Amino acid sequence: MAPLLLLALLLLVFLIAPFLRILLRQLRSPLHHLPGPPSRSLLTGNLADLHDQENTNILAHWERAYGPTYVYRGFLSGPRLITTDLAALAHVLSRAYEYPKPDFVRESLASMGAGHDGVLTVEGEVHRRQRRILAPAFSKGHLKSLTPIFRDKAEKLRELWLAQADLEPDAPGPRIDVLASLGRATLDVIGEAGFGYHFDSLSNRDDDELAAAFALIFSTSRKFRMFTILQAWFPVLRHFRHNGAAMTQAHDTMHRIGMSLIDEKRAEILAESTNASVSSTSRGHSRDLLSLLIRSNLASTTTPTSKSQPSGPSSMSTTEVRSQISTFIAAGHETSSSALTWCLYALACAPEVQAKLRDALRGLDFGTSGPSVVTSNVEDTVNTHHDDPDRSITAIEECTYLDHVIRESLRLHAPVTSTMRVCAKKGGDVIPLSVPLRASSCSASASSSFGSGIVCPEKERGARTGVGQDKEGGGMQTGGEKENGPEGEWEAGEMNAVNRCERLWGEDAGVFRPDRWIAPPAAARAIPGLLSGTLTFLGGGGGVGGDRGCIGWRFALLEIKIFLATLIRDLEFSVEETMVIEKRIK
């Protein structure tokens, strides 16, 4: 009996100890001194509120109540920091390797298809090396070579939707699931442009096992589950996932097809380099990301020692290359389709903006030849002529109003709404603030056993000023290495909170108004984002501190421009009055 009792006690301690450790750290956190909304649940805090933030505008309400820097409550009501203070955001985003993603975030991204060795999940010097190798694939010159793929898929989608309209000649217009159709189109784009893989989703091909694998993985991320929260804090639970067997099979499929793509592409490139009869034109035909990665590897003078180790500073291991395939399929197709869907929704809700954009696009010089016709079911003129590819792309890129519409849509409807960061700097860090903390809710706590604290801005209370920042601003001192876990996470980038911030954009920050980009407010122009005036693609200095901004942001922006120009030029969109549209955070 005694051994059984001892075993039971050990098991109880094993189960309870993590909870006690979490509670202790959270109780000692200096973030408790910051203002913030009350916890709605002892177990899940305000997480349910955040999950529905797109439909409630809760972040704007919180900022009005508690200022630009405040805390909300996470698991076991632990405090988590949110800020729209631009000085703080610029500080953190320009020090990407001192503020990495928490382990559970990287694990979640890996399980969704990015893998543990992709550019989205690795950190530090590994990330720096991978980003340096990947950069040429996202240069302006290389992206221009991919525009025929963007045009082809956009035109194919337009023709499919026009064909649906022709089936209902007496109706005002067909009812179309825009997100599903755009998801197919952007999947085809990233397959061909990224890896020379033909999903053929727009051809209604539903038997592609790689597409099915990603569909299954994405479907598991759509619900707010308590078990998902527990997995973040207790890694052992990550072995027990929803649809575990199906997920394992999906990952096996991704692994197998990924390796097949690598082997096929390597053989193709080796054949090109050894076949003297191949012309320079055909040798340059393979412009996809995978071809560039394999050429970079083959150019290395060092023979790789294993599939998991890179052969040199300018190469990636086979495992890393395979992870890039799943990373860019996962990150590059759902985000683009989501951005395009919400842009079309915004235009459908603002018909005057949609009409103005259509007029602007039809006034561009596309170098066209051939007639224009009016279909029986669509009042607008449909372009059946042939555009000059180079001139039309240049015209699209230089269309000012198209740029303003897309910027405004990406500001209001960022495909990725937030990111998490945790301070990993040895000895902690002082984060500068341009807007003082609410004094009535702040008490000095310059040190703790974790080496972290909140420093109040008032000079009479012994305030400490952040590096390079106004004396009136003050600063926050954050924890160092010991805080590198879920309990020390820092909401460095609530993209929507910044993009829709009334303090930066004015009282109409939540309104879709593209003309605001003619002369954006000075405060908004200071947002430290890759796409100026927004935090949609994140940002950062890109120097010694590391760069975690979206490496594919130019790819996404060009893809969105070409699709939108192709569709809006010839089609009119509206929202069915009986339909209720809601957003959900994945």
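I take a contact to mean heavy atoms within 4.5 Å. By that rule, residues 24 or more positions apart account for 73% of the contacts in the protein with a separation of 6 or more.

**Entry 1. The whole chain.** I note at the outset that this is a predicted model. I counted elements and found 22 helices and nine strands in the protein. I then looked up burial. Of the 586 residues, 52% are buried.

**Entry 2. Helix H4 and its two ends.** I started with the loop between helix H3 (53-56) and H4, where Asn-57 is found. Its phi is near 55 degrees, a positive value in a residue other than glycine. I wrote that down since most residues other than glycine have a negative phi. Is Asn-57 buried, exposed or partly exposed? Its relative accessible area is 35%, and the partly exposed range runs between 20% and 50%, so Asn-57 is partly exposed.

Next I went through H4, which covers residues 58-66. Ile-58, Leu-59, Ala-60, Trp-62 and Glu-63 are buried there. Just after the helix I found another positive phi, about 95 degrees, at Gly-67.

**Entry 3. Strands S1 and S2.** I moved on to strand S1, residues 69-73. How many of its five residues are buried? Five are, and the strand is mostly covered. I sorted them by side, knowing that in a regular strand the side chains alternate between the two faces of the sheet. Thr-69, Val-71 and Arg-73 are on one side of S1, with Tyr-70 and Tyr-72 on the other. Both faces are covered.

I then looked for the partner of S1. Strand S2 (residues 79-83) pairs with S1 in the antiparallel sense, over five bridges. In this pairing Tyr-72 stands opposite Arg-80 in S2. The hairpin has five residues between the strands, and Leu-76 in it takes a positive phi near 55 degrees.

**Entry 4. A loop further along.** I looked up Asp-200, which lies in the loop between helix H9 (178-195) and helix H10 (209-219). The phi of Asp-200 is near 55 degrees, again a positive value in a residue other than glycine. Its relative accessibility is 30%, so I entered Asp-200 as partly exposed.

**Entry 5. Helix H15 against H22.** I compared helix H15 (residues 318-349) with H22. Their axes are 10 Å apart, and the two helices pack at an angle of about 40 degrees. Is this pair parallel or oblique? Roughly parallel would need an angle under 35 degrees, so H15 and H22 are oblique to each other. The crossing of H15 past H22 is right-handed.

I listed who meets whom. From H15 come Gly-332, Ser-336, Ala-339, Leu-340, Cys-343, Leu-344 and Leu-347. They meet Ala-556, Glu-559, Ile-560, Phe-563, Leu-564, Leu-567 and Ile-568 in H22. By class, this contact has 11 nonpolar, two polar and one charged residues. I kept in mind that an α-helix has 3.6 residues a turn, so residues three or four places apart point the same way.

**Entry 6. Helix H16 against H22.** I did the same for helix H16 (residues 351-362), whose axis comes within 9 Å of that of H22. The two axes cross at roughly 105 degrees. Angles of 65 to 115 degrees count as roughly perpendicular, so that is the term I used for H16 and H22.

On the H16 side I found Gln-354, Leu-357, Arg-358, Leu-361 and Arg-362. On the H22 side I found Leu-564, Ala-565, Ile-568, Arg-569 and Asp-570. The residues of this contact divide into five nonpolar, one polar and four charged.

**Entry 7. Thr-566 in H22.** I stayed in H22, residues 553-570, to look at Thr-566. Thr-566 has 10% relative accessibility and so counts as buried. What does Thr-566 contact, leaving aside its neighbours within four places in sequence? Ala-154, Glu-155 and Arg-158 are in contact with it. I also checked Lys-153, which is 413 residues from Thr-566 in sequence and 10.0 Å from it in space, C-alpha to C-alpha.

**Entry 8. Asn-496 in H19.** My last look was at Asn-496, placed in helix H19 (residues 495-499). Asn-496 has a relative accessible area of 3% and is therefore buried. Leaving aside neighbours within four places in sequence, Asn-496 is in contact with Gln-53, Glu-54, Leu-412, Ala-414 and Thr-417.

Key: Residues are numbered from 1 along each chain as its sequence is written. This is a predicted model: local features need pLDDT of at least 70, side-chain atom pairs count only at pLDDT 80 or more; totals for chains, interfaces and linings use all residues. Side-chain values use heavy atoms; hydrogens and water are left out. Helices (H or I, at least four residues) and strands (E, at least two) are DSSP runs, numbered from the N terminus. Buried means under 20% relative accessible area, exposed over 50%, partly exposed in between (1.4 Å probe, protein chains only). Axes are lines fitted to C-alpha atoms, for helices over the stretch in contact, and angles run from 0 to 180 degrees between N-to-C directions. Angles under 35 degrees count as roughly parallel, over 145 as roughly antiparallel, 65 to 115 as roughly perpendicular and the rest as oblique. A crossing is left-handed if the near helix is turned anticlockwise from the far one by less than a right angle, and right-handed if clockwise. Ala, Val, Leu, Ile, Met, Phe, Trp, Tyr, Cys and Pro count as nonpolar, Asp, Glu, Lys and Arg as charged, and the others, Gly among them, as polar. Two strands pair if DSSP finds at least two bridges between them.
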